[in-house]
Amino acid sequence: MRAFQALLHTEYTVFLRDKASLTFTFLFPLIFILIFGFLMRGMGDVEDARLGLFVPAGVESKILERTVSSAGSMSVTRYDDQPSLQAALEKRTIDFGLIWDGTKLLFLYDSSRVQENYAFEEVATGITADFNLAHQGLSPALTVEKIHVGREAATDWFNLVVPGILAFSILSAGLFAVSGHITAMKERKLLDRMIVTPMRPIALLAAIICVRLAVVYISTLITLFIAMTVLKLTFAVDWFRYTVFVATSTLGMMGFGTLIALLVRKPSSASNIAHILSIVMMFLAGIYFPIEIMPSYLRTLSKALPLTYMAEALRYATGVIDMTETRFWGITVAMFALAVVLLPLLARYVVSADRR
Amino acid sequence: MEEENELMMRVTGLKKYYGEVHAVDGISFAIPRASVFTILGPNGAGKTTTLEILEGVRGPDAGEIEVFGIRLKRVTRAVKERMGVLLQDGNFEPYLKVKEVVRLFASFFKKALPTEEVLTRVALQEKTNAYVKTLSGGQLQRLAVGVALVNDPDLIFLDEPTTGLDPQARRNMWSIITDLRDQGKTIILTTHYMEEAEALSDRVCIMDYGTIIAKGSPRELTSRLGQETIIEFNTSSLETEDLTQLESYGKTAREDGGIVTVETENLVHTMEQMLAWSREREIPLTNMTVRQPNLEDVFLLLTGRRLRE
Amino acid sequence: MKGILRIAAGHLFTAFRERVTLFWFLIFPLFLLTILTLIFGNMGQEGEISFAISVVNLESNTAGPVDFAAIVEGVFEETGTASEEGKEPLFTLTHPSDGEDLEEFLAREKEALRLGHRAAVIVIPEGFNQELLERMMRSGSSPSENGAFTIYINEGNAASEMATSIIEQILSGIDRQFLAHVGRFQEEEAIPSETLWVGSGGEELSYVDFLLPGVILMGFFVNGLFGVPGSILFARDRRVLRRYWVTPLTVPRYLAGFSLGHLTLCLIQFALIFMLARFAFRATITFAEPMPILFLLLGAITFLTFGFFIASVAKTANAGMAIANILNMPMMFLGGLFFPIGGLPTFLKVIVYANPVTYLAEGLRMSLGIQGETFSIPLTLAVPVGWIAFCIFVASKRLSWDVKR
């Protein structure tokens with residue numbers, strides 16, 4: 001017990017004194033949130049699209065104007081001729097352009113905005129359809145009522161992303177606690193002097209785990225807090241499920257890190273492999289975009305990644321989506337099982353001596 | 001023949017194989033209490049592996065260890081409680097303070113000395129609150145010794161304790177070691193430095209190729225070389241006939257790296273002949289020394305290699 | 001001269017032998033190009049995306065002249081079959097089991113939607129045919145009326161929104177057909193729409209063509225951000241450099257060799273990434289013109305000097321890597337390399353405008369003709385050159401070539 005207490009003290013003291021590592025651990029998820037969130041929010045969001053309109057003199061445009069204004073909350077700017085419209089498009093003063101010459105609708109797009117144009121094209125298709133009907137004095141008959149089924153809280157796209165980023169920071173923290181921190185201790189020979197004493201490796205592990213759990217929990221809370229204050233999001237956090245899941249998934253990811261450390265020869269390679277795996281997972285786990293838009297083989301891969309399920313469970317625990325209790329607890333237990341199976345191996349790894 | 005209860009440790013038939021390689025090939029020795037027992041041997045002799053087995057880092061493939069009156073197949077945690085180990089290399093967490101390191105290691109043992117006392121023993125009191133990353137090489141070594149002594153052990157392993165230390169620091173370490181022995185502790189030492197082995201050891205065992213090739217006190221070992229005296233001098237050019245000639249004056253003669261070593265049991269006789277030879281051949285006897293055989297010579301005799309590669 | 005070449009070669013070989021370096025500088029850009037193209041290259045295109053939906057047709061009155069409900073249902077059924085062999089259908093439909101009551105099926109589907117297993121559930125209500133006919137005769141629905149039918153969505157599921165817009169597009173096509181069928185809409189008077197792509201010779205730009213310059217710059221970027229300070233600082237800390245300084249080798253010659261090695265590495269990166277984009281993803285842009293080459297060279301040199309800058313402000317190799325790690329994400333992603341930097345809040349825009357990467361990326365794309373002029377060309381050249389000058393200035397003052405003895 002004394003050994004555990006002393007090791008615990010050592011672990012958190014060293015963590016707090018290593019200023020570089022400290023800032024990194026807490027800063028990293030925040031940077032992620034802010035950058036990626038703002039960047040990718042722009043994609044697919046046409047609420048604030050800017051349309052440039054040119055109608056040559058003498059062409060009747062009232063119907064078109066009505067159609068366009070009812071097509072959504074776009075801002076419309078009128079131009080005096082096609083060249084000035086095109087120039088504005090190139091300069092990105094407007095997002096897409098429309099020219100109505102009385103016989104056809106000409107939509108103009110900036111070809112370099114490959115990721116956004118499909119959304120503008122959707123609006124354009126809508127305008128064409130509505131305009132065609134309105135032009136003949138009709139309005140759509142086949143109208144649609146959309147009814148939302150699901151949780152109240154989530155409406156902003158960010159709400160979907162933040163739990164994913166929390167999941168990613170838990171993944172990194174757990175993974176690198178072993179394939180990073182512990183492997184570095186081995187490589188820097190910090191463990192050598194300890195394993196010739198009666199110290200029980202479980203005491204060291206327990207100390208590392210406790211500190212890591214505390215750090216992860218606090219870090220995710222800070223991230224949530226920032227998301228709620230700076231990005232003005234609302235979450236309905238189920239604190240019990242959230243806490244339990246953060247704890248078990250951190251442990252599970254530590255188990256995963258153990259797997260890497262055991263399979264890789266050199267301790268320093270372990271952290272590199274962990275880094276690579278976490279980046280690959282980040283792209284494929286459906287955090288920033290739904291996996292439905294991925295080709296089927298990538299979708300299958302995505303369903304094999306722990307991060308995908310971690311993100312889903314956290315979306316549930318923060319009140320963004322719904323999930324059956326069975327599924328949530330199934331994921332939680334699976335994470336825990338990963339830990340239970342692999343962490344004892346970690347204890348042995350810690351005390352195993354390398355061939356000198 | 002020592003009494004059973006005068007022995008700290010007895011090792012019988014210890015073996016450790018790595019596949020085809022017989023790292024430790026059946027060694028046995030006994031270490032009396034309150035003595036310094038030194039294991040000597042070139043690199044690859046198996047002494048590191050032997051140490052690791054005795055320190056409990058690895059388990060042997062065969063053999064028995066008897067320590068603190070208990071017979072064991074491998075060193076257990078209970079044994080570790082009463083042992084102190086100074087490893088050849090290993091690091092401390094740079095962001096910890098010296099006193100925190102000692103306290104941490106103290107917490108691993110059921111009984112431990114107060115931190116102050118430990119630091120005083122290794123003369124690190126002024127560095128009590130210093131961060132590990134600010135310590136010099138010698139200070140780090142002393143901290144490591146302190147950590148090895150934190151549980152006031154009766155049996156202490158010191159693996160190359162003075163490697164990389166300057167002469168002053170080395171002398172300090174030697175006096176720490178002899179103090180410990182005088183306090184009744186048993187020390188198992190390994191070293192590359194022949195002077196150290198001679199100065200500190202009560203018993204020496206020489207290992208090579210996984211087996212013990214000689215055991216005894218330094219004096220017993222050097223007396224294998226009989227009533228010999230050794231004459232050495234430096235040279236830059238010596239021909240085979242010269243060496244043969246020199247050998248005829250004494251018992252043996254050899255040349256190694258510019259140093260000629262002549263062993264003789266009749267110092268005066270050989271000396272006269274060598275001086276005459278030197279005058280005749282016009283080869284000066286540069287830096288000539290006359291001395292008693294030392295462990296290095298024993299080592300060379302037994303293994304054909306020098307202790308220091 | 002020989003010495004310079006040897007140092008360059010040494011730099012290159014070391015980079016290749018260290019597997020970590022090899023991964024981040026070569027494999028990661030290739031990986032990123034591949035993943036992003038595979039995921040985003042087919043946005044909105046059929047055959048690659050697929051959503052799970054269901055259609056519940058509650059209409060029981062099929063007696064009238066046209067069974068609109070069945071037609072609508074039929075259209076969606078068709079989306080459930082693949083348009084081409086080996087491709088996925090746009091929608092994967094779920095159907096009620098034999099003899100299942102439709103209301104029960106609807107309830108089951110709504111539950112599945114809630115749990116995220118469906119993107120949308122379309123419900124054609126009872127009385128749809130009659131209602132629709134009436135509306136069409138009235139020249140369409142009035143804004144105050146309810147929808148002709150209902151789509152259940154889940155706002156917590158990003159796929160739901162996407163699927164719904166696609167569904168609405170399909171519906172408006174059907175709507176027009178119905179209106180034409182009942183004689184309300186005159187197809188002959190339909191107004192066509194055309195598309196004009198501005199900025200790249202009148203054609204739509206493929207995603208990989210947009211992405212390629214960004215990935216190449218990213219390769220140069222990580223090379224400069226991590227590789228340069230890494231090599232210098234680790235060599236300095238391990239006293240490898242010290243061994244050079246006791247020979248006649250001078251710092252300027254060492255730098256020349258080092259820079260040459262770095263630029264060669266950039267060239268290899270360029271070649272590999274370009275070939276992958278060309279042959280695997282059918283990119284069409286070429287860099288074989290003076291301005292793009294100028295921008296590439298400028299980029300490689302900018303990041304090289306930026307690496308020197310980092311090496312001069314970091315005290316140890318580990319500190320240097322930490323700084324590089326912190327700067328990596330913001331500079332890379334807030335430089336417009338992969339994602340549009342339009343709708344960012346002010347505090348992030350500041351980073352964007354200060355970031356040399358932004359100007360290099362825009363300049364490169366403009367010079368390749370895949371983008372209109374967002375910044376003026378002189379500006380895209382001036383800012384990186386300014387950064388180069390700044391970095392060289394700081395490095396020449398602060399970069400220490402040996403550790404304290």
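Chains B and C are not joined by any contact, and their closest C-alpha atoms lie 13 Å apart. I should say at once that this is a predicted model, and what follows should be heard with that in mind. Of the 2 pairs of chains that touch, the pair with the most contacts is A and C.

Let me take that pair, A and C. Here 72 residues of chain A are in contact with 90 residues of chain C. On the side of chain A that touches chain C, two or more residues come from each of the helices H2 (19-41), H4 (82-90), H5, H10 (267-284) and H11 (296-302), and from each of the strands E4 (105-110) and E5 (144-148). Which element gives the most to this side of chain A? That element is H5(A), with 10 residues. By class, the residues on the side of chain A that touches chain C comprise 38 nonpolar, 20 polar and 14 charged.

The two chains also share strand pairing. E4(A) pairs with strand E5 (residues 193-198) of chain C in the parallel sense, over 6 bridges. To locate this pairing on the screen, please look at A:Phe107, which stands opposite C:Thr195 in E5(C).

I turn now to the contact between chains A and B. Chain B contributes 25 residues to this contact and chain A contributes 21 residues. On the side of chain B that touches chain A, at least two residues are supplied by each of helix H1 (47-55), helix H2 (77-81) and helix H3 (98-106) of chain B. H3(B) provides the largest share of that side, 4 residues. The composition of the side of chain B that touches chain A is 10 nonpolar, 5 polar and 10 charged residues.

Next, the domains, chain by chain. Chain A is divided into domain 1 (2-41 + 155-351) and domain 2 (50-135), and the centres of these two domains of chain A, taken over C-alpha atoms, are separated by 47 Å. For chain B, the division is into domain 1 (4-220) and domain 2 (227-292), with 40 Å between their centres, again taken over C-alpha atoms. For chain C, the assignment gives domain 1 (2-41 + 206-398) and domain 2 (51-189); the corresponding separation of centres over C-alpha atoms in chain C is 51 Å.

Within chain A, I would like to show two helix pairs. The first consists of helix H9 (residues 239-263) and helix H13 (residues 325-351) of chain A, which pack at an angle of about 40 degrees with their axes 7 Å apart. Because of that angle, H9(A) is oblique to H13(A). The crossing in which H9(A) passes H13(A) is left-handed. The residues of this contact between H9(A) and H13(A) fall into 19 nonpolar, 6 polar and 1 charged.

The second pair is helix H3 (residues 62-70) and helix H5 (residues 117-135) of chain A, whose axes come within 9 Å and cross at roughly 135 degrees. H3(A) and H5(A) are therefore also described as oblique to each other. What is the handedness of the crossing of H3(A) and H5(A)? This crossing is right-handed. From H3(A), the residues A:Ile63, A:Leu64, A:Arg66, A:Thr67 and A:Val68 meet A:Ile127, A:Asp130, A:Phe131, A:Ala134 and A:His135 of H5(A). In terms of class, the contact of H3(A) with H5(A) holds 6 nonpolar, 2 polar and 2 charged residues. I remind you that H5(A) is also the element that gives the most to the side of chain A that touches chain C.

Finally, a sheet in chain B. Here 4 strands form an open sheet with antiparallel pairing, in the order E12-E13-E11-E14. Strand E12 (252-256) and strand E14 (286-291) of chain B are the edge strands, each pairing on one side only. On average, and with direction ignored, neighbouring strands of this sheet are turned by 15 degrees against each other. Helix H10 (residues 267-281) of chain B packs on the sheet, where H10(B) touches E11 and strand E13 (259-264) of chain B, and the direction of H10(B) makes about 20 degrees with that of E11(B). Strand E11 (residues 229-234) of chain B runs antiparallel to E14(B), and 4 bridges join the two. Among the residues involved, B:Ile231 has B:Val290 in E14(B) as its bridge partner.

Terms used:
Residues numbered from 1 in each chain as written. Chains lettered and ligands numbered in written order. Predicted model: local features only at pLDDT ≥ 70, side-chain atom pairs only at ≥ 80, totals over all residues. Contact = placed C-beta atoms within 7 Å. Nonpolar A, V, L, I, M, F, W, Y, C, P; charged D, E, K, R; others polar. Pairing = 2+ DSSP bridges. Axes fitted to C-alpha atoms, helices over the stretch in contact; angles between N-to-C directions. Domains from an automatic or database assignment. Parallel < 35°, antiparallel > 145°, perpendicular 65-115°, else oblique. Left-handed = near helix turned anticlockwise from the far one by under 90°.
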